[in-house]
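I opened this model to look up a few residues and the way its elements are arranged. The entries below follow the order in which I looked.

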Amino acid sequence: MSSDLSKYRPANVQKRFPNSKAPLVNGKALCQAARKANAMIMAANIRCRLPLEGIIRASMATQAPIMYEIAKSELGYTEFDPMSFVEFIVTENDRLGNTSVPFAIHGDHITVKNMEEKEEVAELVAAELEAGFTSFAIDCSHMENELNLAATLELAQPVVAAGLALEVELGEIGAKSGSAEGFTRPDEASWFIENLVNGGIHPNLLAINNGSIHGTYFGTTQEGIQLDLTKEIWLAIQSWEVDIAQHGITGTSLDKITQFIYHGIRKGNVGTFWQNISFGLAMNQNGNAITTPEKHYVKRPYRGVPDELWQKMWKWAEETGNTGGNIKKANKAFAEELNQVGEDYKERITKQAFEEAIRLFEATNSAGLAGEVIPLLTA
């Protein structure tokens, strides 16, 4: 079997990167392979450039396909726009010689909070298609279910027309339990998927509110992903062969992550964890940042960026009101300095990202899954 998969890339990727050999493929093939092999695709929100080399090297070493993703919100607090994000991912895969381990680039949380935002979001979908994204998450979950359905039916059309992977969302991630604003219910999920399919939109993945949150668990807050509920929702949508996308994995034990694959979860988003590695923050055994009662972080002098840079970043956070979870905004404010850290710091970030990515690939049964993706591309 050929190790050069570039000829199987989607049309938008071929158009933008005609001379690249990077196997940036349709995200559908990754979802289908994970479903077939009872595995989960890790989706990494890197937020800055520093952890990417380690993740790519781990993907190559384990033959684990992966999605690299950036959310609409992250486009506002990182250095990236759609074009530069895809260019960076493709260029690094080319530089590191990856021609055989498929990956996708995913537009995470392409969010619509009200119907007035539809036009802006449609423009973002078009920009991401042009940039070379091969998977898309249309997220209208902030609105009531009927409006969510109507907006999703409209905004997903270009993705379906391009034949690329589609994720939709029902139940706002991180919302409190209870009724329309809380945990997603199986009957809601069945209604949502059935009406999408009847409207000509057949998603690959459904993101749900099952108790996860985005970012760090502060204070006494604990990870609370409800796997029994997740399995019930997954079973309710199996008439249409749609699987679950799990958001908010940072802070979840590897033992529990391993259980995801037995509950219909085929894609899992990992974001803040890579930021913790880049910044050099102390973490517990589940990858959650260790914090003080004041929501301050603990910096490890032997991890991540130089201590001097971290101290500068934290001073900025205090002065601008970006402490706690908003430390993520330092990715943009300090992008130039993050990109210019010395080789010793880059190397230790790469090494830690490599080892942690391998653990995640092993926990999700995705090590070796490239062999399942390739026949789906070449069939």
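**Strand pairing and two residues**

I began at one bridge: Ala44 has Val270 in S8 as its bridge partner. The model is a predicted one, and I read every entry with that in mind.

I then looked up the strands around that bridge. S1 and S8 run parallel and are joined by 4 bridges. I followed the pairing onward and found that 8 strands close into a barrel, in the order S1-S2-S3-S4-S5-S6-S7-S8, with parallel pairing. On average, neighbouring strands of this sheet are turned by 25° against each other, direction ignored.

Next I went through the end of that order. Strand S6 covers residues 205-208 and strand S7 covers residues 243-246; the two run parallel, with 3 bridges between them. Here I noted that Leu206 stands opposite Ile244 in S7. S7 is also joined by 3 bridges to strand S8, residues 265-270, and this pair runs parallel. For that pair I wrote down two positions: Ala245 has Lys267 in S8 as its bridge partner, and Gln246 stands opposite Gly268 in S8.

I checked how the chain gets from S7 to S8. Helix H11 (residues 254-260) lies in the unit with them, and S7, H11 and S8 make a right-handed β-α-β unit.

Is S8 enclosed or open to the outside? I found 6 of its 6 residues buried, so S8 is largely enclosed by the rest of the structure.

**Asn45**

I moved to Asn45, which sits in the loop between strand S1 (41-44) and helix H3 (52-62). Its relative accessible area is 5%, and because buried means under 20%, Asn45 counts as buried. Which side chain does the side chain of Asn45 meet in a polar contact? I found Asp108, at 3.1 Å.

I also listed what Asn45 touches, leaving out residues up to four places away in sequence: Glu69, Ile70, Ala71, Glu74, Asp108, Asn269, Val270, Gly271 and Trp274. Asp108 is thus on the contact list as well as in the polar contact. Val270 is on the list too, and Val270 is the bridge partner of Ala44.

**Tyr77**

I looked up Tyr77 next and placed it in helix H4, residues 74-77. Tyr77 has 9% relative accessibility and counts as buried. Which residues does Tyr77 touch, not counting those up to four places away in sequence? I noted Arg47, Lys328, Lys329, Asn331 and Lys332.

I took one distance from Tyr77 as well. Its C-alpha atom and that of Ala150 are separated by 29 Å, and the two residues are 73 residues apart along the chain.

**H6 and H7**

My last entry is a helix pair. Two packed helices are described by the angle between their axes and the distance between the axes. For helix H6 (residues 118-131) and helix H7 (residues 145-155), I noted axes that come within 11 Å and cross at roughly 35°. The crossing in which H6 passes H7 is right-handed. Where they meet, I found Lys118, Val121 and Ala122 on the H6 side and Ala151, Glu154 and Leu155 on the H7 side.

Key:
Residues are numbered from 1 along each chain as its sequence is written. This is a predicted model: local features need pLDDT of at least 70, side-chain atom pairs count only at pLDDT 80 or more; totals for chains, interfaces and linings use all residues. Side-chain values use heavy atoms; hydrogens and water are left out. Buried means under 20% relative accessible area, exposed over 50%, partly exposed in between (1.4 Å probe, protein chains only). A polar contact is a pair of N or O atoms within 3.5 Å; within protein, one must be able to donate a hydrogen and the other to accept it, and residues adjacent in sequence count only if both atoms are side-chain atoms. Contact means heavy atoms within 4.5 Å. Two strands pair if DSSP finds at least two bridges between them. A crossover is right-handed if, with the strands pointing away from the viewer, the path from the first strand over the helix to the second runs clockwise. Axes are lines fitted to C-alpha atoms, for helices over the stretch in contact, and angles run from 0 to 180 degrees between N-to-C directions. A crossing is left-handed if the near helix is turned anticlockwise from the far one by less than a right angle, and right-handed if clockwise.
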